Each structure stands twice: as C-alpha cells, then as structure tokens.
Amino acid sequence: MTTVEVVETVNSNAQSVWDILGNFGGLTVGGSITAFSVEGEGVGAVRTITMGGADIVERLEEFDTGAMALTYTIINDDCPLPVSGYSATIKVTSNGDNACTVEWVGTFEPKGAPEEAASDVVRGIYTGGIAGARKATGS
C-alpha cells in the first residue's frame with residue numbers, strides 16, 4: 001500500500017475548518033467538478049463526483065464530530081483516479097482560537113500509473129481541499 005499524508009496549519013478556528021472539510025455533502029460544482037450528488041446521510045452516505053465525464057464514487061465510512069475526523073473510501077472500480085483500494089481520513093485539531101492543523105492521510109494501490117504519479121494526484125487533491133478551506137475561512 002502507498003500512503004500519502006498532508007499535514008498543514010490553517011490560521012482559522014478549528015470548528016470553522018471542520019465545518020467545511022467535515023461536510024461530506026458540501027462539495028460544489030465548479031472547476032474540474034462538473035456534477036456532484038449525495039445519497040443518504042451520515043455513515044454510509046455515498047457521494048458521486050463527476051470530473052471530465054467520469055465518476056468518483058465515495059462512501060463515508062466513519063464520522064466523529066467530537067474528534068473532528070472522518071474516513072471515506074472510493075467504491076467504484078472504474079474510478080478515473082490512478083488508485084485502487086483507496087481509503088482516506090481527514091482530521092482537524094485545534095491549535096488555539098485562530099489556528100488548527102489539518103491532517104489528511106490516504107492509502108491506496110497505484111492503478112495504471114507509477115506510484116509517484118498516483119501519489120502526486122492524491123497529494124494535489126488534499127492540498128487543494130485544504131486551500132479551499134483556507135479560502136472559505138478567509139485565512
């Protein structure tokens with residue numbers, strides 16, 4: 001298994017960042033995302049993200065509001081990302097009133113691409129998600 005870990009400090013309240021990154025149904029259409037939908041609520045909910053005419057289907061496996069952590073998996077074998085057996089966890093930890101640490105860790109087997117290339121794609125998703133939280137919180 002390959003592991004990609006991104007740990008970044010965000011200069012914003014942990015709860016504000018968690019409200020964004022912990023919202024499994026909170027993605028919006030724009031940029032490379034051309035469609036988005038969610039079926040169900042809470043653990044077991046499934047979201048479909050359409051990018052470039054292909055779907056990434058993810059299921060929420062664990063959700064802990066108190067710990068500000070969630071785990072999700074990709075469940076479709078025809079996922080356009082160069083990964084299989086993918087699972088990721090997002091955790092937000094408070095560093096005081098106006099700072100927090102976001103830890104986003106994923107494990108997977110590279111599929112159809114070298115390990116380094118697959119890791120770069122996954123790392124880009126994580127850093128982009130954290131950058132989006134920064135932008136949304138004005139930090």
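**Buried cysteines, a nonpolar core and a loop asparagine**

Cysteine 100 counts as buried (under 20% relative accessible area, with exposed meaning over 50% and partly exposed in between; 1.4 Å probe, protein chains only), its relative accessibility being 0%. The model is a predicted one, in which local features need pLDDT of at least 70 and side-chain atom pairs count only at pLDDT 80 or more, while totals for chains, interfaces and linings use all residues. Residues are numbered from 1 along each chain as its sequence is written, and side-chain values use heavy atoms, leaving out hydrogens and water.

Cysteine 79 is buried too, at 5% relative accessible area. The count of disulfides (pairs of cysteine sulfur atoms within 2.5 Å) comes to zero.

The largest nonpolar core (buried Ala, Val, Leu, Ile, Met, Phe, Trp, Tyr and Cys residues joined through side-chain atoms within 4.5 Å) has 34 residues, and those touching the most other members are Val17, Tyr72, Tyr86, Val92, Val102, Trp104 and Tyr126. Elements giving two or more residues to this core include helix 1 (14-21), strand 7 (100-110) and helix 2 (115-137); helices (H or I, at least four residues) and strands (E, at least two) are DSSP runs, numbered from the N terminus. Beyond its neighbours within four places in sequence, tyrosine 72 is in contact (heavy atoms within 4.5 Å) with residues including Tyr86, Trp104 and Tyr126.

Asparagine 76 lies in the loop between strand 5 (69-74) and strand 6 (83-94). Asparagine 76 is buried, with a relative accessible area of 13%. Not counting residues up to four places away in sequence, asparagine 76 touches Asp55, Ile56 and Val57.
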